[in-house]
Every structure is written in C-alpha cells, then in structure tokens.
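Q: I'm new to reading protein models, and I'd like to look closely at one small part of this one. Could you walk me through a single residue and the surroundings it sits in?

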Amino acid sequence: MVKIYTRKGDDGTTSLWYGGRVAKTDVRTEAYGSVDEANSALGVARAICKREGREELHETILTLQRNLFVAGAELATAPQAAERLEGGVSRITEEMVEAAEAEIDRYMSQVELPPNFVIPGGTELSAALDVARAVIRRAERRIVELRDTDGLASDTVLRYLNRASDLAFALARAADEDDPEIFGGREAS
C-alpha cells in the first residue's frame with residue numbers, strides 16, 4: 001500500500017515543485033490551490049456531461065482541466081526554478097491561450113447571448129459550469145495577488161486563467177436552457 005501522507009505538512013508548510021517549502025497560507029499556495037479547486041468544480045460538470053451524454057462538452061471540459069493542471073504546476077514553482085518549466089507540461093503557453101480563445105468563439109457562436117446577466121441554474125450542467133467559472137475567477141484574483149507580491153514565471157498563466165473563466169461562461173451558456181432566467185435590474189422590481 002502506498003501511503004499518501006508524509007507528515008511534512010504538519011508544521012503548516014507545503015512543498016513547491018522543484019524544491020522549497022512555503023506556508024500553506026502563502027499567496028502562491030492560495031493561487032495554485034484555487035486552480036485545483038476550480039479543476040474539481042469542473043470535474044462535477046464533466047461528470048454531469050458524462051451522465052447526460054454531452055460528449056463534446058465533456059471533451060472540452062477535460063481539455064480545460066488538463067490545462068489547469070499545467071497552470072497549477074507553473075504556479076506551484078518558485079520563480080527561481082522557472083527555467084525548469086516545460087511548455088504545455090508545467091508552463092502555460094501562448095498556444096494554449098489561443099486554443100482557449102478558439103473554443104470560446106466556437107461555443108459562443110452556438111448561443112444567443114441574453115441582454116442582461118444570466119441567473120445561474122437553468123440546467124444542472126450550466127449551474128455546475130457557472131460555479132466553476134466563479135471559482136476560476138477567484139483563482140485569477142489569487143494569481144494577480146501572486147504576481148504583485150512574489151512574481152510569476154510568465155503573465156501567460158494569468159491570461160490563460162482569464163480565458164478559462166470566459167470558456168467556462170461559454171460552456172455554461174451552451175449547456176443552459178434556451179430561454180434562461182436573466183437579471184432584469186430595475187425592470188424586475
């Protein structure tokens with residue numbers, strides 16, 4: 001049996017890729033931890049896709065999840081070890097950003113965007129994707145904080161997370177009901 005506990009984190013620290021330890025509350029840990037949480041939220045949406053037979057959405061979400069693992073690896077690496085990162089494996093590339101943009105455009109071309117904010121919950125799948133979108137946005141905010149305090153190996157990871165939340169939005173709209181509930185603002189009251 002492989003033991004998954006090491007007891008090294010019992011002191012409140014965690015290991016970084018390619019060496020070093022930081023507090024579990026460190027801004028870097030918060031950044032890659034939020035990406036991990038977003039990945040798990042996307043996993044819920046992907047499981048719903050599987051149950052509902054939504055193969056195209058399933059595959060797009062799986063690609064997004066794989067890319068978030070790459071982002072997590074990059075964020076879990078101290079700046080002084082950044083030269084060890086490998087594009088597409090442990091570092092987000094411009095090509096990954098461009099591919100996400102193409103997917104956003106592809107999905108948005110399939111839907112008619114309502115004139116106001118969509119209230120999440122039109123379908124189980126769209127609601128799960130909207131939760132994932134919100135978690136990705138939080139991860140993006142954590143990455144901005146990391147950039148401003150400890151630095152990033154590259155700003156490409158930040159651009160990718162920005163596109164990832166847009167892609168989650170596009171996927172949610174593609175999975176939503178045809179006439180979703182919208183926030184009407186003043187007109188609704």
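A: Happy to! Let's start with leucine 158, a residue of helix α5. Keep in mind that this model is predicted. Leucine 158 has 12% relative accessibility, so it counts as buried, the cut-off being under 20%.

What does leucine 158 touch, leaving aside its neighbours within four places in sequence? Its contacts are Glu140, Ile143, Val144, Arg147 and Leu152. Take valine 144 from that list: it is 14 residues away from leucine 158 in sequence, yet their C-alpha atoms are 7.2 Å apart in space.

Now let's widen the view. In soluble globular proteins, nonpolar side chains tend to be buried together. Here, the largest nonpolar core holds 48 residues, and Leu75, Leu129, Ile143, Tyr160 and Leu161 have the most contacts inside it. At least two core residues come from each of α1 (27-52), α2 (55-75), α3 (94-108), α4 (124-149) and α5 (156-175). Helix α5 gives the most, with eleven residues.

Two names from the contact list of leucine 158, Ile143 and Leu152, turn up again around leucine 75. Not counting residues up to four places away in sequence, leucine 75 also touches Arg28, Ala31, Tyr32, Val35, Leu146 and Val157.

One last stop: arginine 173 lies over the face of phenylalanine 169, 5.0 Å from the centre of the ring.

How values were computed. Residues numbered from 1 in each chain as written. Predicted model: local features only at pLDDT ≥ 70, side-chain atom pairs only at ≥ 80, totals over all residues. Heavy atoms only, no water. Lys NZ or Arg CZ within 6 Å of the ring centre and 35° of its normal. Core = buried A, V, L, I, M, F, W, Y, C linked by side-chain atoms within 4.5 Å. Buried < 20%, exposed > 50% of the residue type's maximum accessible area, 1.4 Å probe, protein only. Helix = DSSP H or I, 4+ residues; strand = E, 2+ residues; numbered from the N terminus. Contact = heavy atoms within 4.5 Å.
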